[in-house]
Amino acid sequence: MSHSILDLLRNAVVHYGYWAVGAALLLENAGVPVPGETILLIASFLAYSEHELQLPWIIVVATVAATLGDNLGFALGYYGGRPLLTRYQSVFRIQNSTLSRGEQLFARYGPATVFFARFVFGMRIIAGPMAGVLRMEWRKFLIFNFLGAALWVSVISGAGYLFGQHWHRLERDIKRFD
């Protein structure tokens with residue numbers, strides 16, 4: 001089953017290119033659990049192996065989309081408040097433990113939580129809405145959101161591109177050990 005999902009995601013990137021990357025990261029960062037990170041990895045891998053996409057443009061598109069998505073999530077959280085987050089918690093499969101962990105992190109570390117949330121499983125999806133619900137100052141949110149997005153996208157894209165560079169060698173080594 002996972003093979004068919006990866007094929008589906010790969011085909012989306014091949015057919016829609018930067019649009020697929022942008023849409024996936026926008027939705028994921030707005031609070032919709034879509035495989036944005038996986039699409040970013042696939043796009044970066046394909047940037048090396050098939051040269052249809054270029055890594056610098058992937059990074060720019062993904063950073064802008066992630067920043068916009070988080071700002072959309074922030075607005076939803078800010079104007080919808082905790083009741084909106086609670087109402088859709090089960091739809092988006094956000095666990096109570098993730099929400100309480102997010103609240104604790106925001107209370108303790110403030111805007112830095114937005115920056116580092118991108119690197120924590122589950123937190124990337126709820127960071128924007130949670131910052132809005134907790135009424136974080138928007139300018140601080142925007143700055144830490146953008147900086148976190150730029151670093152996270154660069155790291156993930158770099159990993160995908162690096163994997164693409166060494167794919168043939170890895171494939172050869174795997175066949176040799178098989």
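**Figure 1. Crossing of helix 2 and helix 3 in the predicted model.** Helix 2 passes helix 3 in a left-handed crossing. The two axes, that of helix 2 (residues 18–30) and that of helix 3 (residues 36–49), come within 8 Å and cross at roughly 155 degrees. Angles over 145 degrees count as roughly antiparallel, and helix 2 and helix 3 are therefore roughly antiparallel to each other. Two packed helices are described by the angle between their axes and the distance between the axes.

**Figure 2. Residues in the contact of helix 2 with helix 3.** From helix 2, the residues taking part are Ala20, Val21, Ala24, Leu25 and Glu28; they meet Gly36, Glu37, Ile39, Leu40 and Ala43 in helix 3. Seven residues of this contact are nonpolar, one is polar and two are charged. An α-helix has 3.6 residues a turn, so residues three or four places apart point the same way. Among the helix 2 residues that meet helix 3 are Ala20, Ala24 and Glu28.

**Figure 3. Helix 2 and the residue that follows it.** Helix 2 has 13 residues. From its first C-alpha to its last, helix 2 reaches 18 Å, close to the 18 Å expected at 1.5 Å a residue. The buried residues in helix 2 are Ala20, Val21, Gly22, Ala24, Leu25, Glu28, Asn29 and Ala30. Just after helix 2, Gly31 takes a positive phi of about 120 degrees.

**Figure 4. Surroundings of Arg124 in helix 7.** Arg124 lies in helix 7 (residues 123–133). Its relative accessibility is 9%, so Arg124 counts as buried. Setting aside neighbours within four places in sequence, the contacts of Arg124 are Glu28, Asn29, Glu37, Asp70, Ala117, Arg118 and Trp152. Of these contacts, Glu28 is also listed among the helix 2 residues that meet helix 3, and Glu37 is listed among the helix 3 residues that meet helix 2. Glu28 and Asn29 are both buried in helix 2. The C-alpha atoms of Arg124 and Glu28 are separated by 7.9 Å, although the two residues are 96 residues apart along the chain.

**Figure 5. The protein chain as context for the close-ups.** The chain has nine helices and zero strands. Its elements, from the N terminus on, run α-α-α-α-α-α-α-α-α. Of the 178 residues in the protein chain, 40% are buried. Among contacts with a separation of 6 or more, 75% are between residues 24 or more positions apart.

Conventions:
Residues are numbered from 1 along each chain as its sequence is written. This is a predicted model: local features need pLDDT of at least 70, side-chain atom pairs count only at pLDDT 80 or more; totals for chains, interfaces and linings use all residues. Side-chain values use heavy atoms; hydrogens and water are left out. Axes are lines fitted to C-alpha atoms, for helices over the stretch in contact, and angles run from 0 to 180 degrees between N-to-C directions. Helices (H or I, at least four residues) and strands (E, at least two) are DSSP runs, numbered from the N terminus. Angles under 35 degrees count as roughly parallel, over 145 as roughly antiparallel, 65 to 115 as roughly perpendicular and the rest as oblique. A crossing is left-handed if the near helix is turned anticlockwise from the far one by less than a right angle, and right-handed if clockwise. Contact means heavy atoms within 4.5 Å. Ala, Val, Leu, Ile, Met, Phe, Trp, Tyr, Cys and Pro count as nonpolar, Asp, Glu, Lys and Arg as charged, and the others, Gly among them, as polar. The expected span of a helix is 1.5 Å times one less than its number of residues. Buried means under 20% relative accessible area, exposed over 50%, partly exposed in between (1.4 Å probe, protein chains only).
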